[in-house]
Amino acid sequence: MRAGAIKNCKVCGAEVAKSARSCSNCGAKLKKRWPILIAILVFFVLAAIIGSSGDGDGPKKVEASTPAQSAEITPNQEAEPPSHKAGAAPTQNVFYVGETAELEDVRVAFSSVTESTGSTYNTPARGNIFVLCEFEIANNSDKEINVSSMMSFEAYCDDYTCTFSLGALMEKGNKNQLDGTVAPGKKFNGVIGYEVPANWEKLEVLFTPDFWSGKDITFIAAND
């Protein structure tokens, strides 16, 4: 028997095959360890189950209140989007600049997109340009959420992967960087920057409010 295919019984110390269910010497039952691969599969199955138990099927658009609607709100009454009054808003696949999306009690507004050629000591590579995307995140859930420029966002420029740019963030001025913790009932706004070709046409930014949910919100900026 190959050395790698045997082990010692923890009861009597006799050599037994790793595939054996009991010791041939003393009869003690042998515990079998799960392979690492099975443990990994179990982890992802549990993650999928947790994600599928989340409320809602996907992000929904939040309509802005009109001035007339705002005037009817009393001091002790919270503003409620028209979509809630007329029933649940339908799931929407993508959102654009100026629109607000809601996913599992987290509202994300795509406020603006700004281009920059850099500054004296900070310029993009030749033929590229800095693009700053500004978002406002409102946490209406009962738990805090963590926002990270690297972990919470994924971007594609004209269908090519686009990583966030520290050089672009140096041109954010007095605006916040999208990194921090948002407590329940609080808001957070800031920018995330990318370096893209100067002739870019479409920037697609995916935001994931919660890793375990397995759901994200897709925002698109078009360079008309």
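This is a short tour of one serine and a few cysteines in a predicted model.

**Stop 1: S149**

Select S149. This residue sits in the loop that links β8 (145–147) with β9 (153–157). Is S149 buried or exposed? Its relative accessibility is 3%, so S149 counts as buried, the limit for buried being under 20%.

**Stop 2: what surrounds S149**

Keep S149 selected and add F164, Q177, L178, D179 and I192. These residues are in contact with S149 when its neighbours within four places in sequence are left aside.

Two of these names deserve a distance label. Draw one from the side chain of S149 to the side chain of D179: this is a polar contact of 2.6 Å. Draw another to L178, where the side chain of S149 reaches the backbone oxygen at 3.2 Å.

**Stop 3: the cysteines**

Now clear the selection and turn to the cysteines. A disulfide is a covalent bond between the sulfur atoms of two cysteines. How many disulfides does the structure hold? The number is zero.

Select C133 to see one case. C133 is in no disulfide, and the nearest cysteine sulfur, in C162, lies 8.8 Å away. C133 has 0% relative accessibility and therefore counts as buried.

Move on to C162. Why does its sulfur not form a bond with the sulfur of C157? The sulfur of C157 is the closest cysteine sulfur to that of C162, but the distance is 5.7 Å, which is too far for a bond; a disulfide needs the two sulfur atoms within 2.5 Å. C162 also counts as buried, because its relative accessibility is 9%.

Note on methods. Residues are numbered from 1 along each chain as its sequence is written. This is a predicted model: local features need pLDDT of at least 70, side-chain atom pairs count only at pLDDT 80 or more; totals for chains, interfaces and linings use all residues. Side-chain values use heavy atoms; hydrogens and water are left out. Helices (H or I, at least four residues) and strands (E, at least two) are DSSP runs, numbered from the N terminus. Buried means under 20% relative accessible area, exposed over 50%, partly exposed in between (1.4 Å probe, protein chains only). A polar contact is a pair of N or O atoms within 3.5 Å; within protein, one must be able to donate a hydrogen and the other to accept it, and residues adjacent in sequence count only if both atoms are side-chain atoms. Contact means heavy atoms within 4.5 Å.
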